[in-house]
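Q: Could you take a close look at one part of this model for me, the place where the two chains meet? I'd like a connected walk through it rather than a list.

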Amino acid sequence: MMTCEKYKNLIEKYVEGTISERQLAELKTHTQTCESCREEFERCILLQETIKQAFSSRTSAEQAGASLVARLSEEPNLRLPPARFGTALYAGKRAAIAAGILLAVGLFLGFALGRAGKPARTPLTAQVPISVDKIEGTVLVRHEGSDVWQALEAGSNIYLGDTFHSTAKSAFVLKLDDVSTLELNQNSMLVLRLYNDEIQFFLEHGECTASLESPHGSFFINTPHGRVEALGTEFTVTVTDE
Amino acid sequence: MAVELKQNMAGDRQLVRAALRGETSAFGAIVERYWNMVVALALSKVSDAAEAEDIAQESFLKAYSQLAGLRDPSRLAGWLSKITAQQCSNSLRKIVRHRRALGCRAAPIEALDERPAMAANPGLTQNQIRFVRQTVRRLPEKFRTMIVMRFVADLSTVQIAEQLGKRPGTVRVRLHRAYKLLRKDLAPLLEEVES
């Protein structure tokens, strides 16, 4: 009876999935000679198998994986947003804390030595005061340093170095300030870069239309063929392969 | 078991990192790894098998779009189970709204699942499958999750505890309670299958 108590514990471990190979072999040997434990163990296996079968999917896991990968490739709207925070921070939590302490010490020393007066250079991935006003169809954005395109959404933050790509029958409007806007038409590519310490627009191909407040200061659209300066409050620039 | 647990978690971490680098095939591998668990979790809440698979697909797409926000990739299974639970609630709410809009009463659970038994379930008849699912669905939600994660996803109580951020003792107690209830309620069916 004492020995059966031990095997009942092993059956419990089997249910929990924590039984070792050696313990399982021992249990199986015991069930060959003990009818009560055999019935209990067989019932336990049957229950597990029954649940597994009743809750099995009609689609195989391989098919499901392949189908989802195909769907992700076909629909750009489902693209992965880049990991700006989250995993990287969590993975290096200790490193981040250590870096924070070092930064604090560095800043303190900088102040102490009177070297903190210099203005910091604008980081290349800085957010810019431009917002996405309207979007039609599918417009993709790629942040600098990333090779992943993701769907642009109204209200998304815009960063220096962002590249925008409007697909067929798609367009979007960037709000530059209260009045001025820049519209990128379909099949076009626009990049935001720092040029002569100013945020400038580079139209790689396609067409964009700027509507500016009046009177406006100098406003340029850079293209692979040259630089276009605004001559009116509304103007369109087109870049073709010819 | 401890070695296997570490290997699984390391595998999940690598797959999540690769998927975050833009390798969609790595996300495909994540789907393959957890598809059965996610479908089973959905089936433990909704009665229609096709709907459960739709919920599973939507859960994976949501997981993909939120992957950068996954704080601890070694807890991928637990994270997926939470997303699936949320997707199930959304789906059930939609069904209720739809039925209200149509002015019809909720259909009994049996009437929703009329598909024939698939080749994947050779040992059980359609009626038996329906009976097992209904029995599991009657369990409290915290028990259902344990049953699916243990018997469908093949995670041990230690792994489930790690995934859900709970104490192994709590998971063990819940699993044994759920197991005991199922053994009692499914006893006639098990005898039928055995004979």
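A: In this predicted model, 58 residues of chain B are in contact with 38 residues of chain A. On the chain B side, quite a few helices chip in: α1 (2–20), α2 (24–43), α3 (49–65), α6 (126–137), α7 (141–152), α8 (157–164), α9 (168–185) and α10 (187–194) each supply at least two residues. The top contributor is α2(B), which gives 12 residues to the side that touches chain A. Sort that side of chain B by residue type and you get 36 nonpolar, 12 polar and 10 charged.

That ties in with the packing. As a general point, nonpolar side chains tend to be buried together in soluble globular proteins. Here the largest nonpolar core has 60 residues, and those with the most contacts inside it are A:Ile51, B:Met37, B:Val38, B:Ala42 and B:Val148. Once again α2(B) stands out, with the largest share of this core at 12 residues.

Now zoom in on A:Ile51. Skip its neighbours within four places in sequence, and A:Ile51 is in contact with B:Val132, B:Val136, B:Ile147, B:Phe151 and B:Val152. Apart from the big core lies another one, of 18 residues, with A:Val139, A:Val141, A:Leu182 and A:Cys208 among them.

Next, have a look at α6(B). Its 12 residues should span 16 Å at 1.5 Å a residue, and because its end C-alpha atoms are 16 Å apart, the expected and actual spans agree. Buried in this helix are B:Gln128, B:Ile129, B:Phe131, B:Val132, B:Arg133 and B:Val136. So what do they sit against? The buried residues of α6(B) pack against α3 (35–54) of chain A, along with α2, α7 and α10 of chain B. A helix rule of thumb is handy when you look at such a list: with 3.6 residues a turn, residues three or four places apart point the same way.

Moving along chain B, the loop between α7 and α8 holds B:Asp154. This residue isn't a glycine, yet B:Asp154 has a positive phi of about 60°. B:Asp154 counts as partly exposed because it has 13 C-beta neighbours inside 10 Å.

Finally, some background on the partner: chain A has six helices and 11 strands. Of the 242 residues in chain A, 22% are buried. Looking at contacts in chain A between residues at least 6 apart in sequence, 46% join residues at least 24 apart.

Notes:
Residues are numbered from 1 along each chain as its sequence is written. Chains are lettered from A and ligands numbered from 1 in the order in which they are written. This is a predicted model: local features need pLDDT of at least 70, side-chain atom pairs count only at pLDDT 80 or more; totals for chains, interfaces and linings use all residues. Helices (H or I, at least four residues) and strands (E, at least two) are DSSP runs, numbered from the N terminus. A residue is buried if 20 or more other C-beta atoms lie within 10 Å of its own, exposed if 12 or fewer, and partly exposed in between; C-beta atoms are placed from the backbone. Two residues are in contact if their C-beta atoms, placed from the backbone, lie within 7 Å. Ala, Val, Leu, Ile, Met, Phe, Trp, Tyr, Cys and Pro count as nonpolar, Asp, Glu, Lys and Arg as charged, and the others, Gly among them, as polar. The expected span of a helix is 1.5 Å times one less than its number of residues. A nonpolar core is a set of buried Ala, Val, Leu, Ile, Met, Phe, Trp, Tyr and Cys residues joined through C-beta atoms within 7 Å.
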